[in-house]
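Me: I have a structure open and would like to learn how to read it. Could you take me through some features?

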Amino acid sequence: MAGKAGEKTPLLAASFSSADSSGKHALLRSGGEVSLDMQSVSEGGKSFDMDTTGPSQNYQTRLRSVLLNKVKLEWVEVAVSLPPDVPLKERLGKLCGSSMDVTTTGKRILKSVSGAVSPGQLLAIMGASGAGKTTFLNVLAGRNSHDLEIEGSIRLNGDEAAPDFVCSVSGYIQQEDLFISTLTVREHLTFQALLRMPHSQSEEVRLRRVGEVLQEVGLLDVADSTIGDPIRIRGISGGERKRLSFASEVLTDPPLLFVDEPTSGLDSYMAESVVRTLQNLALSGRTILTTIHQPASEIYAMFDRVMLLAEGRTAFLGKTDDALTHFKEMGIECPPNHNPADFFIHRLAIVPQQEDECRRRVKTIVDAYDEKSRAEGTVGQMHDSTSAALVGREMESWCTQMGVIMKRSWLSFVRDPGLIRVRFIQTLFTALLAGIVYLRMKFNDARPQNSIGILFFIITNQVFNPLFSVLQVFPLELPLFLRDVQNRMYKTNVYFISKTITELPFNIINACIYTAVVYWMVGLNSNLERFGYCVIMITLVTLCAISLSYFVSAISPTIQVAMAIAPMLLMPFLLFGGLFIKVSDLPVYLSWITRISFINYAFKGLVVNEWHGVAYNTTLPGTNFPILINGSQVINTYGFKDGMEHVHWDMYYTLIWAVVVRILAYIMLELRVWRSTRK
C-alpha cells in the first residue's frame, strides 16, 4: 500500500481501524457497509493517508471499497452468443471481393440477463443442462470467454468493470481440481502465497496466512499429506481437494469468488461439507457465486440466494425461500417434502420429444419474472465508468518467480515415482538388451555392418524413449500451467526455463548410463576420447528428442493428438537419417530433408567417430583369404566424409537443432497462452 495518490496499492489483505483521531470513519473488515468518506487505511500497524481530491478521487473511492472486502457485483442486460458460423462459400466470396451480405448469426447462449449479488451473500446459479450456467459464470468472472460475443455491462460497486479488473479482485475455482500431485497441501499453499500475495507482505506474514487458511477451510489435519491424484498417487479425498481449491483462492483474501460446480463427483456428505465451507466464506463478507447442478434439499437451504436460468434467460433471482413463493404465484406449486432444486430443474428443463410444450412453459415463466423485475425496478442506473483507472495485481519479480517455480518443479520431479524409477529401469533394460545381442563384437568382416546397426539402434532408442515419456507427462501439466498464467502467478518463460533446467541433469545422467552400458558391453572403439564423443552425441540426441516432444505438446490440444503427431514428424527424420538411403542417391527435391534431420547429423558423427583411423586384417568367411577392413572405406560407403572435424560439426548442428526446436516450442507455448488468456 502506498501513501500517495496515484501509486499502486495492494488490493487485498488490509485491516482497518474503526475510527481515526479526526473522527473520520474506517470500518472493520468483519462487517458494516462500505464508507466512502474514509481518509486513512492501516496495514500492519502503519497508517497511510489516501488523498480523495483531484482526478484520482473516483478510482480511490473504488479502491477503498475493494480493500474493505465489500464488493457488490451487478450485471446489466448481459447477452452472450457464439461467433457466427459463416459458410465456406460466403467466406470465399468475401475474400474475392464479392458484395454478398453475410447475415449468419451465432447461437444465443444468454439473452439480456440482469441482476446483482451483495457482500456476504452466497448465490447459487442453477438450471437444466445447456441453460448457460457455466458460460454466465465465466462471463462475470472475465475468464474463458475469448471466443464469445458479449454485450451488456458488469459492475463492481456501481462502476462498470473490465474483465482485467474483475480478475484482479476475484478468485475463480474451476470445476476440475488442478494440482501437482506430488506436493503436500502445505507446500502447494506456500507456493501460492509466495507468488500471489502482495509484495508488501514478508515471507513470515505469508506463511502465517497459509496456516490461517488451512484452519479456515478445515485442512489443518491433512496439511502435510500428499495431494495425490485419482490414478497413480494416493492422497487426500475428493472433498479435501475441493476445499484445497477454495484455500488456493482464499489465500489472497479476494472479496469476490466464482465457483464452478463445486459438488461434482462428491458424495452427499462431502458435497454438504464443501458448500458449508462456501457458506462460512460468505459469512466473512465475501461475495460468492457458484454454479450447482441439482443440489440436495439440505444443500439448497444453505444458499442465501438462487438464480434460475432457462434457455439463456433469468427465470428467477432472489432469496431461496422466495423462489417457491414466486412459482406458487404463477400456479406452479412445489409438492410437500419435495426437493425445491429438483422441482425447479424439472419445470425449466427441455424434455426430448416435448420441446415445443416445454419451451412454451419456460417462456411463460421467464416472461413472468421479467415483468415482475421491471415492476420492482431491480436493475439500477448505470454509473460513470472508471475503466481507465483499472490496475491488476503486480507479479513478483522474475528472479522470485524463477526461484519458487524451480523449487516446485524440482520437488515435483524427484517425487514422481513413474518419472524417475520407471524411466531408469527402461533405460537399463534396453541398454542391457542391446549389449547382450551385440556382446563383444569381433573384428571380422561383419563388424562394419554390426557396428553401424548398433549405432543407429542407440540413436533410435534415445529418440523414442525420452520423446514418448515426455509426451505422456508434459501435456498433463499444461492445464495447470495455463491456469497459473491466467492468475498472473508467473511468466511463461519462467515455467519453460525452470522445467528445462530441472530435467536437464536427469537427461544427461540417463544418456550417460545408457551409452556407457551399451558401449563397453558391445565393444565399440576403446579410445576414451571416442567414448566421450559418443556420450556427448547421445546426450544431444536426447535433448533433441525432448525439444521435439515439447514442441508437439505445445501445439497439441490433448495427449492423444500429441501421440499421433509425434511419429508423423519423427518418421522423415528417421528415413533420411543416413542408414536406409545414401544422401547422394536422393532426388534434389528430397535431399534438403537430410539437412534438417538431427538423426542424420548424429548418425554421421557416430559412424565417423567409431571408424576414423581404424584398420584391421581379417579373412573372408569360410576361407583363409585375407582382407583389409579400412575405416575410411566404411565411412565412404554411407556417403559420409572422414575426419574428426566433421564429428565436431555434427555435434554443433545437433546442438543447434535442439536449441532452435526448443525455442520454437516456447513460441508455440506463448501462442497457446495468448489464445487462452485473451479476453
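The dialogue below goes from the whole chain to a helix pair, a sheet and a single residue.

Me: What should I know before starting, and how many helices and strands are there in the protein chain?

Reply: This is a predicted model. The protein chain has 23 helices and 14 strands. Of its 679 residues, 52% are buried.

Me: How do I read contacts along the chain, and what share comes from residues 24 or more positions apart?

Reply: Look at how far apart in sequence the touching residues are. Among contacts in the protein chain with a separation of 6 or more, 76% join residues 24 or more positions apart.

Me: Now a pair of helices. At what angle do the axes of α7 and α8 cross?

Reply: Helix α7 covers residues 238-250 and helix α8 covers residues 268-283. Their axes cross at roughly 15° and come within 9 Å of each other. Angles under 35 degrees count as roughly parallel, and α7 and α8 are therefore roughly parallel to each other. The crossing of α7 past α8 is right-handed.

Me: Which residues of α7 and α8 meet?

Reply: From α7 come Gly239, Lys242, Arg243, Phe246 and Val250. On the α8 side they meet Met270, Ser273, Val274, Thr277, Leu278 and Leu281. Sorted by class, this contact of α7 with α8 holds six nonpolar residues, three polar ones and two charged ones.

Me: Next, a sheet. In what order do the four strands of the open sheet lie?

Reply: To read a sheet, go across it from one edge to the other. Here the order is β4-β3-β6-β7, with antiparallel pairing. At the edges are β4 (108-117) and β7 (159-160), each of which pairs on one side only.

Me: How many bridges link β6 and β7?

Reply: Strand β6, residues 149-156, pairs with β7 over two bridges in the antiparallel sense. Arg155 is opposite Glu160 in β7.

Me: Which helix packs on the sheet, and which strands does it touch?

Reply: Helix α3, residues 133-141, packs on the sheet. Its contacts are with β3 (73-81), β4 and β6, and the direction of α3 makes about 120° with that of β3.

Me: Finally, one residue. Is Thr492 buried or exposed?

Reply: Compare its relative accessibility with the cut-off: buried means under 20%. Thr492 has 4% relative accessibility, so Thr492 counts as buried. Thr492 lies in helix α17, which covers residues 492-522.

Me: What does Thr492 touch, not counting residues up to four places away in sequence?

Reply: With those residues set aside, Thr492 touches Phe481, Val485, Tyr666, Leu669, Glu670 and Val673.

How values were computed
Residues are numbered from 1 along each chain as its sequence is written. This is a predicted model: local features need pLDDT of at least 70, side-chain atom pairs count only at pLDDT 80 or more; totals for chains, interfaces and linings use all residues. Side-chain values use heavy atoms; hydrogens and water are left out. Axes are lines fitted to C-alpha atoms, for helices over the stretch in contact, and angles run from 0 to 180 degrees between N-to-C directions. Angles under 35 degrees count as roughly parallel, over 145 as roughly antiparallel, 65 to 115 as roughly perpendicular and the rest as oblique. A crossing is left-handed if the near helix is turned anticlockwise from the far one by less than a right angle, and right-handed if clockwise. Contact means heavy atoms within 4.5 Å. Ala, Val, Leu, Ile, Met, Phe, Trp, Tyr, Cys and Pro count as nonpolar, Asp, Glu, Lys and Arg as charged, and the others, Gly among them, as polar. Two strands pair if DSSP finds at least two bridges between them. Buried means under 20% relative accessible area, exposed over 50%, partly exposed in between (1.4 Å probe, protein chains only).
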